[in-house]
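Colleague: I am new to this one. Could you walk me through it?

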Amino acid sequence: MAIALLIHLPPSATRLKRISRIIAYTHGFMETAARQHAPRWIAHLDMDAFYASVELLRYPELRGKPLVVGGRRAHAPEQLADGSRKFASLRDYAGRGVITTATYEARALGVHSGMGLMKAAGLAPDAVLLPANFDEYRKFSRLFKAAVREIAPLIEDRGIDEIYIDLSGLAGVHDASDTDPHAGVRDVALRIKSRVHKATGLTCSIGVSPNKLLSKLCSELDKPNGLTIITMADIPGRIWPLPANKINGIGPKASEKLTALGVNTVGDLAACDELWLKQHFGPNFGAWLLRVAQGQDDREVVTFSRPKSISRETTFERDLHPKRDREELGKLFTRLCEQLAIDLQRKGYAAKTIGVKLRFDDFRIVSRVRTADQWIREAAAIRHWAGQALKTAPLDQKLRLLGVRAENLRELDAIASAEDTGPHDDRDQLTLGLF
């Protein structure tokens, strides 16, 4: 296995040393795996093309067709007189929206989440375009997580479409059969997949390994509807050939720098000298790079984590001028505050600090915050303090994005009195004509 990885190694004066390290790591993984009688089993469950898959439940006639989600309400399907539906296509889109998600058929055409819809239209003009329906996605998110908890209650919520699950203490999870050393954990994972499909009609992919790092990596290996189980002994064959930027935490800048240094795969990274990595990436990040490339991760599954902030923001279809488009901006600002209030109340939090975020037409971002004198959660109070923050922001050019954020959060039951501060003087830049 180690010899097969040599093709991934960058040419350098330390090539022989790196070869030796790979061989040593390979033998080390084998020995570690042999000693593991009751390993920790952590699963990462990722719903397959979640938003698009939910839409296909509503519009089954689109199955097998390239589909992207990310349009405006105007792109909702039109019901025709004969009962059929007329769908919008990417070729007719004009604006600056981005793709929220895409079906695997659309991805095969080079279209992916985060891509601008205009750019995607050039690659897949006939792809169907649908607006996002987040109320529906949240409903299905609750359904699939509740289904998983029926089998495995130790869940770390990582977002609307993915979770970590600690399977280690479940009955039978460490059982083996004559033909499958991982029969027990495989059975549990298959039961979870079946329960999720029964509850939602959707498929998911699950990666199972001794830690969160590896599980997230391997949940992507066999999509869609995949199940991948790996141990430390499988790292050289399954993980090391992957591009280094597949590791969560290696962003575009670090990836570009690694490539420039001749480090392209996870295996290349695992064979690097730690001191060399620290010299190029700093002591903390350099040490972390080597650990994760070797599959080391001791993080626990955290079943509860208080959010640091809750925010709402919107990117405009066209740049809006602070003065000429004041009325439209004012309505959007108020709506964002109302949505943020709903989010706070639904999640059971109040906030002490309210902030605003502005992105200008030159992509410059400005944030401002104000701290209230009491815990707040009502829309009027959020609107007031967000307006106070807005007064301190420069408003001298067109805006692309507007956002409102609640920080310094506390659970309602931990607050002696969770009454908001009231609106006070609601005259901010929107009403004073300064926006």
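Colleague: What share of the 435 residues counts as buried?

Modeller: This is a predicted model: local features need pLDDT of at least 70, side-chain atom pairs count only at pLDDT 80 or more, and totals for chains, interfaces and linings use all residues. Residues are numbered from 1 along each chain as its sequence is written, and side-chain values use heavy atoms, leaving out hydrogens and water. Buried means under 20% relative accessible area, exposed over 50%, and partly exposed in between (1.4 Å probe, protein chains only). Of the 435 residues of the protein, the buried share is 47%.

Colleague: How many helices and strands does the protein have?

Modeller: Both are DSSP runs, numbered from the N terminus: helices (H or I) have at least four residues, strands (E) at least two. The secondary structure comes to 15 helices and 15 strands.

Colleague: Of the contacts with a separation of 6 or more, what share comes from residues 24 or more positions apart?

Modeller: Contact means heavy atoms within 4.5 Å. Among the protein's contacts with a separation of 6 or more, residues 24 or more positions apart account for 69%.

Colleague: Which strands are the edges of the sheet that holds S12, S13, S14 and S15?

Modeller: This open sheet has the order S12-S15-S13-S14 and antiparallel pairing. Two strands pair if DSSP finds at least two bridges between them. An edge strand pairs on one side only, and here these are S12 (309-320) and S14 (365-376).

Colleague: How many of the 12 residues of S13 are buried?

Modeller: S13 (residues 349-360) pairs with S15 in the antiparallel sense over 11 bridges. Eight more bridges join S13 to S14, again antiparallel. S13 is mostly covered, and its buried residues number 11.

Colleague: Which residue in the turn between S13 and S14 has a positive phi?

Modeller: S13 and S14 form a hairpin, with four residues between them. Arg359 of the hairpin has Ile365 as its bridge partner in S14. The turn residue with a positive phi, about 70 degrees, is Phe363.

Colleague: What angle does the direction of H14 make with that of S14?

Modeller: Opposite Arg359 in S15 stands Leu401. H14 packs on the sheet and touches S13, S14 and S15. Axes are lines fitted to C-alpha atoms, for helices over the stretch in contact, and angles run from 0 to 180 degrees between N-to-C directions. Between the directions of H14 and S14, the angle is about 140 degrees.

Colleague: How do H13 and H14 lie to each other: roughly parallel or oblique?

Modeller: The axes of H13 (residues 326-347) and H14 come within 9 Å and cross at roughly 125 degrees. Under 35 degrees counts as roughly parallel, over 145 as roughly antiparallel, 65 to 115 as roughly perpendicular, and the rest as oblique. H13 and H14 are therefore oblique.

Colleague: How many charged residues are in the contact of H13 with H14?

Modeller: Phe333 and Glu338 of H13 are among the residues that make it, as are Ile382 and Arg383 of H14. Ala, Val, Leu, Ile, Met, Phe, Trp, Tyr, Cys and Pro count as nonpolar, Asp, Glu, Lys and Arg as charged, and the others, including Gly, as polar. The contact has nine nonpolar and three polar residues, and the charged ones number two.

Colleague: Is Ala393 buried or exposed?

Modeller: Ala393 is found in the loop between H14 (379-390) and S15 (399-411). Val369 is 24 residues away in sequence and 9.7 Å away in space, C-alpha to C-alpha. With a relative accessible area of 9%, Ala393 is buried.

Colleague: Which residues of S7 point the other way from Val128 and Leu130?

Modeller: In a regular strand the side chains alternate between the two faces of the sheet. In S7 (residues 128-131), Val128 and Leu130 point one way, and all four residues are buried. Pointing the other way are Leu129 and Pro131.

Colleague: What is the strand order of the sheet that holds S7?

Modeller: S2 (residues 67-71) pairs with S7 in the parallel sense over four bridges. S5 (residues 88-89) pairs with S7 in the antiparallel sense over two. The open sheet has four strands and mixed pairing, in the order S5-S7-S2-S6.

Colleague: Which residue just after H12 takes a positive phi?

Modeller: Leu289 and Leu290 are among the buried residues of H12 (residues 283-293). Their cover includes H7 (212-218), H10 (266-270) and H11 (274-281). Just after H12, a positive phi of about 80 degrees is taken by Gly295.
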